[in-house]
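Good morning, colleagues. Please turn to the sequence and the structure on the screen, and I will take you through a few points.

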Amino acid sequence: MTGKALRLGTRRSKLAMTQSGQVADAVSQVTGRPVELVPITTYGDTSREHLAQIGGTGVFVAALREALVRGEVDFAVHSLKDLPTAPHDELVLAAVPVREDPRDVLIARDALKLTDLPDGARIGTGSARRMAQLNAYAAAHGRDVTTVPIRGNVDTRIGYVTSGELDAVVLAAAGLNRVGRSGEVTDFLSVDTVLPAPGQGALAVECSVRDTELIAALAELDDPFTRAAVTAERSLLAALEAGCTAPVGALADLLADGPIVKEMRLRGVVGTTDGTTLVQLSTTGPVPGTHEAAMALGRELATEMLAQGAAGLMGERAQ
């Protein structure tokens, strides 16, 4: 596969450009072709409204997908958690590379950890999922915190802490790792306290269903364990009929006996934003060997969560 440069569509943020650059290098290695980044502005980047108001599903990916369909770029890189769960007729998820750390992290004043935050602490996050779990954690431990909705890039969010406007903000570990700012983290939040968003820490590499040569090349970047895990997580989200701004957390991880991977555990949580009600369940099964098996794992857990009342806890339902 040689010839002219491949065009990679990416959002314009520093994080998006960094992670797309990393994928570009890998694609260049497997194809032997140069890769040029094509920055594209998405509605989610320009809107100043909170994600829950603009209906977060797809707001960061629609413009990239339109450019792909029109043939203006050859492939695109998304944060997988931003990708709608419904398949796209003209595009294929060609690769899900090895996942970064899926956890959420705290960046707090005075190097405080979550357990150190004083009563009345103001914690910034743009995520209803994080708000629900942080508020539930505080209530369970007799603590009093206030979750404050925020938007903006990494610099903007951390700036709320350095300026003293907020006591702490919650961000994704993966993004900070990719832009080389993990040294500013004051606490890595256990997934037992805050389950991440479905697909968090993973990237999605999409291209046209018609570009079979590129699909075959991109497949070399795919990590089968990461794909199985995020497929199960996204299947849970889809079966709950929730958009990506709904307060849903999910994480599939591999359970190993020494070097041998035995099973996959899928955990899910849905909660009201104030944290007063959570439905949190898990299921464990064989490591899915097929796409359908991974989908089935997610649907199975979603069915149990719906039976426990999960549907009534989600604000935004997928359209």
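Which residues make a nonpolar surface patch of about 220 Å²? In this predicted model, the patch is formed by Phe-225, Leu-254 and Val-261. Of these residues, Phe-225 belongs to helix 9, which spans residues 224-239. Its relative accessibility is 41%, so Phe-225 is classed as partly exposed, since that class lies between the limits of 20% and 50%.

Let me turn to the sheet. It is open, contains 5 strands in the order 7-6-8-5-9, and has mixed pairing. Strand 7 (145-149) and strand 9 (187-188) are at the edges; each has a single partner strand, and therefore one side of each has no neighbour in the sheet. Further in, strand 6 (residues 121-125) and strand 8 (residues 168-172) run parallel and are joined by 2 bridges. Within this pairing, Gly-124 is placed opposite Val-169 of strand 8. Helix 6 (residues 154-162) packs on the sheet, where it touches strand 5 and strand 8, and its direction makes about 155 degrees with that of strand 8. Helix 5 (residues 128-140) lies across strand 5 (104-108), strand 6, strand 7 and strand 8, and runs at about 175 degrees to strand 7.

Finally, I come to Ser-20, in helix 1 (residues 14-31). Is Ser-20 buried or exposed? Ser-20 counts as buried, because its relative accessibility is 1%, and the limit for that class is under 20%. Setting aside neighbours within four places in sequence, Ser-20 has contacts with Leu-8, Thr-10, Leu-37 and Val-77.

Thank you for your attention.

Key: Residues numbered from 1 in each chain as written. Predicted model: local features only at pLDDT ≥ 70, side-chain atom pairs only at ≥ 80, totals over all residues. Heavy atoms only, no water. Patch = residues over 30% accessible without salt bridge, like charges linked within 9 Å, V, L, I, M, F, W, Y side chains within 5 Å. Areas by Shrake-Rupley, 256 points an atom, 1.4 Å probe, with all protein chains shown as cover. Salt bridge = Lys/Arg side-chain N within 4 Å of Asp/Glu carboxyl O. Helix = DSSP H or I, 4+ residues; strand = E, 2+ residues; numbered from the N terminus. Buried < 20%, exposed > 50% of the residue type's maximum accessible area, 1.4 Å probe, protein only. Pairing = 2+ DSSP bridges. Contact = heavy atoms within 4.5 Å. Axes fitted to C-alpha atoms, helices over the stretch in contact; angles between N-to-C directions.
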